[in-house]
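Here's a quick briefing to read alongside the model. Have the viewer open and follow along topic by topic.

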Amino acid sequence: MIRRVTVPALFPPPTYSHASVVEAGTKLAFLAGSVPLDAEGRIVGEGDPVRQAEQVMANLQEQLRAVGSDLGHVLHTDVYVASGETSVLSAVWEVVEASGLSTGPHSSTLLGVACLGYSGQLVEITATAVVP
């Protein structure tokens, strides 16, 4: 159902694939950005991108569960980090890897951005997933 492609002519990515292909007729879920808010709408991990990434991943799993999917069916993510420091982006990516999300591997883009939507927000992840 999902074919993950690492293109031999391109530099091999460390823990993601260059593309994911799904045959027509498959149900897809396009998830809004998962953010580091708790159930009461408070930022979790103020000032701590790693803690925020952990909350984002927990929230992403809830989003996936709500549509009948899971981390193993994620095709693509965009990981946004409010930082220009590559070490901070790498620390957030380590949380993504540890979550099991990059098992597959899925295709992804990791971006350093100037700011995100909520005051104090440092991490956000959007995802596209197959709904089996």
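Four strands make up an open sheet with mixed pairing, and their order is β3-β6-β4-β5. Keep in mind that this is a predicted model. Two helices, α1 and α2, pack against each other at an angle of about 35 degrees, and the largest nonpolar core counts 23 residues.

**The sheet**

- β3 and β5 (107-112) sit at the edges, each pairing on one side only.
- From one strand to the next, the twist averages 5 degrees.
- β4 and β6 run antiparallel and are joined by seven bridges.
- Within β6, E124 is the residue opposite Y80, and T126 is the bridge partner of D78.
- β3 and β6 also run antiparallel, with five bridges joining them.
- For F30, the bridge partner in β6 is T128.

**β6, face by face**

- How many of the residues of β6 are buried? Eight of its eight are, so you can call the strand mostly covered, with buried meaning under 20% relative accessible area.
- One side of β6 carries V123, I125, A127 and A129, and the other carries E124, T126, T128 and V130; both faces are covered.
- I125 turns up again in the core, as one of the residues with the most contacts inside it.

**Helices on the sheet**

- α1 packs on the sheet and touches β3, β4 and β6.
- The direction of α1 makes about 30 degrees with that of β6.
- α2 lies across β4, β5 and β6.
- Relative to β4, α2 runs at about 150 degrees.

**Helix against helix**

- If you want numbers for a packed helix pair, the usual description is the angle between the axes and the distance between them.
- For α1 and α2, the angle is about 35 degrees and the axes are 9 Å apart.
- The α1 and α2 crossing is right-handed.
- On the α1 side, the contact is made by P49, V50, A53, E54 and M57.
- On the α2 side, V88, A91, V92, V95 and V96 do the job.
- Sorted by class, the contact of α1 with α2 has nine nonpolar residues, no polar ones and one charged.

**The nonpolar core**

- Which residues have the most contacts inside the largest core? They are M57, L60, L64, V79, V96, L101 and I125.
- At least two core residues come from each of β3 (28-34), α1 (49-66), β4 (74-81), α2 (86-98) and β6 (123-130).
- M57 and V96 are worth a second look: both are on that list of core residues, and both take part in the contact between α1 and α2.
- Setting aside residues up to four places away in sequence, L64 touches L31, S69, D70, L71, V74 and A129.

**V22 in β2**

- V22 belongs to strand β2 (residues 19-22).
- Is V22 buried or partly exposed? Its relative accessible area is 24%, and buried means under 20% while exposed means over 50%, so V22 is partly exposed.
- Not counting residues up to four places away in sequence, V22 touches M1, L28, L75 and V130.
- V22 and Q121 are 99 residues apart in sequence, and their C-alpha atoms are 33 Å apart in space.

**The loop between α1 and β4**

- V67 is found in this loop, and G72 lies there as well.
- Why does V67 count as partly exposed? Because its relative accessibility is 36%, which falls between the 20% cut-off for buried and the 50% cut-off for exposed.
- Leaving out neighbours within four places in sequence, V67 is in contact with A29, L31 and V131.
- L31 is also touched by L64.
- V67 and S119 are 52 residues apart in sequence and 28 Å apart in space, C-alpha to C-alpha.
- G72 has a relative accessible area of 45%, so G72 is partly exposed by those cut-offs.
- G72 and H106 are 34 residues apart in sequence, with 8.8 Å between them in space, C-alpha to C-alpha.

Conventions
Residues are numbered from 1 along each chain as its sequence is written. This is a predicted model: local features need pLDDT of at least 70, side-chain atom pairs count only at pLDDT 80 or more; totals for chains, interfaces and linings use all residues. Side-chain values use heavy atoms; hydrogens and water are left out. A nonpolar core is a set of buried Ala, Val, Leu, Ile, Met, Phe, Trp, Tyr and Cys residues joined through side-chain atoms within 4.5 Å. Buried means under 20% relative accessible area, exposed over 50%, partly exposed in between (1.4 Å probe, protein chains only). Contact means heavy atoms within 4.5 Å. Axes are lines fitted to C-alpha atoms, for helices over the stretch in contact, and angles run from 0 to 180 degrees between N-to-C directions. A crossing is left-handed if the near helix is turned anticlockwise from the far one by less than a right angle, and right-handed if clockwise. Ala, Val, Leu, Ile, Met, Phe, Trp, Tyr, Cys and Pro count as nonpolar, Asp, Glu, Lys and Arg as charged, and the others, Gly among them, as polar. Two strands pair if DSSP finds at least two bridges between them.
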